[in-house]
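I opened a fresh page for this one and kept my notes short. Come along and look over my shoulder as I go.

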Amino acid sequence: MGGKYDILIVGGGPAGISAALTAVNRGKKTAVIANPPETSKLSLAELVTNYPGISGTGAELMQKMRSQLIESGAEIINGKALSVMSLGKTIGVAVGNDFYEGTAVIIATGISRRPLCEGETKFLGRGVSYCATCDGMLYKGKNVAVLGEGEEAEHDIEFLKEIGCNVTAFSGKGKIEITGEMKADTLVVNGQTVKTDCIFILKDTLSSETLVNGIECDRSTIKTDKSGKTNISGVFAAGDCTGAPYQLAKAVGEGNIAALTACEYISNLN
Ligand SMILES: Cc1cc2nc3c(=O)[nH]c(=O)nc-3n(C[C@H](O)[C@H](O)[C@H](O)COP(=O)(O)OP(=O)(O)OC[C@H]3O[C@@H](n4cnc5c(N)ncnc54)[C@H](O)[C@@H]3O)c2cc1C
C-alpha cells in the first residue's frame, strides 16, 4: 500500500482536521494519517466552553470534527507515521510497512513526547523499534521486550508471540534504560535487568525530532514562522506540536494557515 498526494497530513486531531478541510476546499488531493480519534488531547476535555459557536465535551466535538473530515472527501489512512523525510521534490512518510509521498506534508501530531527512556534514540534501528508488525519477523525465535500498554501494545504482544518471539512485556513506567555496544542488548527496568535482542517501544506519539528527519525544534516543539513553515522545504506544522498556548482555537487556526501556505507552496512549484 502507499500513494501520492498533494498534501499529506500527519495527525487527525483538530489541527490536522482543520488543515485537511482547507486543503480539500482548495482542490488538493489530501490524506490524513491518523491514530484513533480518542488519542487526540481534545477527547480528554471534560467540557469545552471557549470555542466560538459550539460547546460540549471534548469527545463530542472530536466526533463531529471526525465526521466532517470523513464527509469532506479527504482520505484517512489509519495508522501511525513512523518517519517523515525530504526526498527532494516530495516528502516521504512511512506508516508501518507502507510508504506515502506528499508534495507538501503538514505535521499536526499534538504535544511532542520526549523519548521514553535513556538509550532509545541512540539505538533506534539497532535493537530498538517503534513497530512490531514492521520489524517483528527479524526477531522470530528470539528474546524481545515490549514497552507500552493499552490496546495497541496488547495487539502487538500477541502478534510477536504468534510469530515465535519470546516476549517480556513492561508498561513503560518507572526508570528505564537501554544499553548495549553496537546494538541494544540490555534493558534495565526499575533495577531489573533483561537481556534482549530487540526492544519494541509502542507509543502513540514520537518526538518531533525522531519523527521528522532534520526538523528544527525548540525544546521538543517544532519551530515555525507565522505561516506554518518549518526549516524543511515542503514541511509545515500546526497545533500543539508547535508549542503553547495548547488550545483548540489555536490548533484549528494554525491548521488552516498551514494548509493555505502548503497550497501556495505547491502553486509556486508548478
Ligand atoms: C484534559 C484537557 C482538557 C482540555 N480542554 C481544553 C479546553 O477546554 N479548551 C481548549 O481550547 N483546549 C483544551 N485542551 C487543549 C486541546 O485539546 C488541544 O490544544 C488540541 O486538542 C490540540 O489539537 P492538535 O490537533 O494540535 O493535537 P491533538 O488533539 O493532540 O491531536 C494530535 C493527533 O495526532 C496523532 N498523532 C501523533 N503522532 C502521530 C503519528 N506519528 N502518526 C499518526 N498520528 C499521530 C495523535 O495520536 C492525535 O490523535 C484540553 C486538553 C486536555 C488534555
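**Entry 1: around the ligand**

I began with the ligand and sorted its surroundings by class: the shell has 17 nonpolar, 13 polar and 4 charged residues. Please keep in mind that I am reading a predicted model. In total, 34 residues surround the ligand, and the closest are G11, G13, T39, G110 and G239. I then asked which elements give two or more residues to this shell. They are α1 (14-25), β2 (30-34) and α6 (248-269).

**Entry 2: the whole chain**

Next I stepped back to the full chain. I found 6 helices and 16 strands in its secondary structure. The radius of gyration is 19 Å, close to the 18 Å that the globule rule gives for 270 residues, so the chain is as compact as a globular protein of that length. Along the principal axes, the C-alpha atoms fill a box of roughly 55 × 45 × 35 Å. I noted that 40% of the 270 residues count as buried. I also looked at contacts between residues at least 6 apart in sequence: 63% of them join residues at least 24 apart.

**Entry 3: two domains**

How is the chain divided into domains? The domain assignment gives domain 1 as 2-113 + 206-269 and domain 2 as 128-201. I took their centres over C-alpha atoms, and 29 Å separate them. The contact between the two takes 4 residues from domain 1 and 4 residues from domain 2. On the domain 1 side, I counted 2 nonpolar and 2 polar residues, with no charged ones.

**Entry 4: strand β5 and its partners**

I spent a while on β5, which covers residues 91-95. Its side chains alternate: I91, V93 and V95 point to one face and are buried, while G92 and A94 point to the other face and are not buried.

On one side I followed β5 to β4 (residues 81-86), where the pairing is antiparallel over 5 bridges. S83 has A94 in β5 as its bridge partner. The two strands form a hairpin with 4 residues between them, and G88 in that turn has a positive phi of about 95 degrees.

I then followed β5 to β6 (residues 98-107), and found the two strands running antiparallel, joined by 5 bridges. Here V93 stands opposite Y100 in β6. This is a hairpin as well, with 2 residues between the strands, and G96 in the turn has a positive phi of about 55 degrees.

**Entry 5: a parallel sheet**

In what order do the strands of the open sheet lie? I read it as β7-β13-β8-β9, which makes 4 strands with parallel pairing. The edge strands are β7 (128-129) and β9 (166-170), each pairing on one side only. I looked closer at β8 (residues 143-147), which pairs with β9 in the parallel sense over 5 bridges. V146 has A169 in β9 as its bridge partner.

**Entry 6: N256 in helix α6**

Back to α6, one of the elements in the ligand shell, where I picked out N256. Is N256 buried, exposed or partly exposed? I counted 19 C-beta neighbours inside 10 Å, and being buried takes 20 or more, so N256 counts as partly exposed. Leaving aside neighbours within four places in sequence, N256 is in contact with S18, A19 and T22. I also checked A238, which is 18 residues from N256 along the chain; their C-alpha atoms are separated by 8.5 Å.

**Entry 7: backbone details**

I closed with some backbone angles. A244 and P245 are joined by a cis peptide bond, with omega at about 0 degrees. P245 lies in the loop between β16 (235-237) and α6.

Then I turned to positive phi values outside glycine. N190 has one of about 45 degrees, and its place is in the loop between β11 (184-189) and β12 (192-195). N190 has 9 C-beta neighbours inside 10 Å, so I noted it as exposed. R219 has a positive phi too, near 45 degrees, and is not a glycine. I found R219 in the loop between β14 (217-218) and β15 (221-222). R219 is exposed because just 7 other C-beta atoms lie within 10 Å, and 12 or fewer count as exposed.

How values were computed
Residues numbered from 1 in each chain as written. Predicted model: local features only at pLDDT ≥ 70, side-chain atom pairs only at ≥ 80, totals over all residues. Near = placed C-beta within 6 Å. Nonpolar A, V, L, I, M, F, W, Y, C, P; charged D, E, K, R; others polar. Pairing = 2+ DSSP bridges. Domains from an automatic or database assignment. Contact = placed C-beta atoms within 7 Å. Rg over C-alpha atoms; globule rule 2.2 N^0.38 Å.
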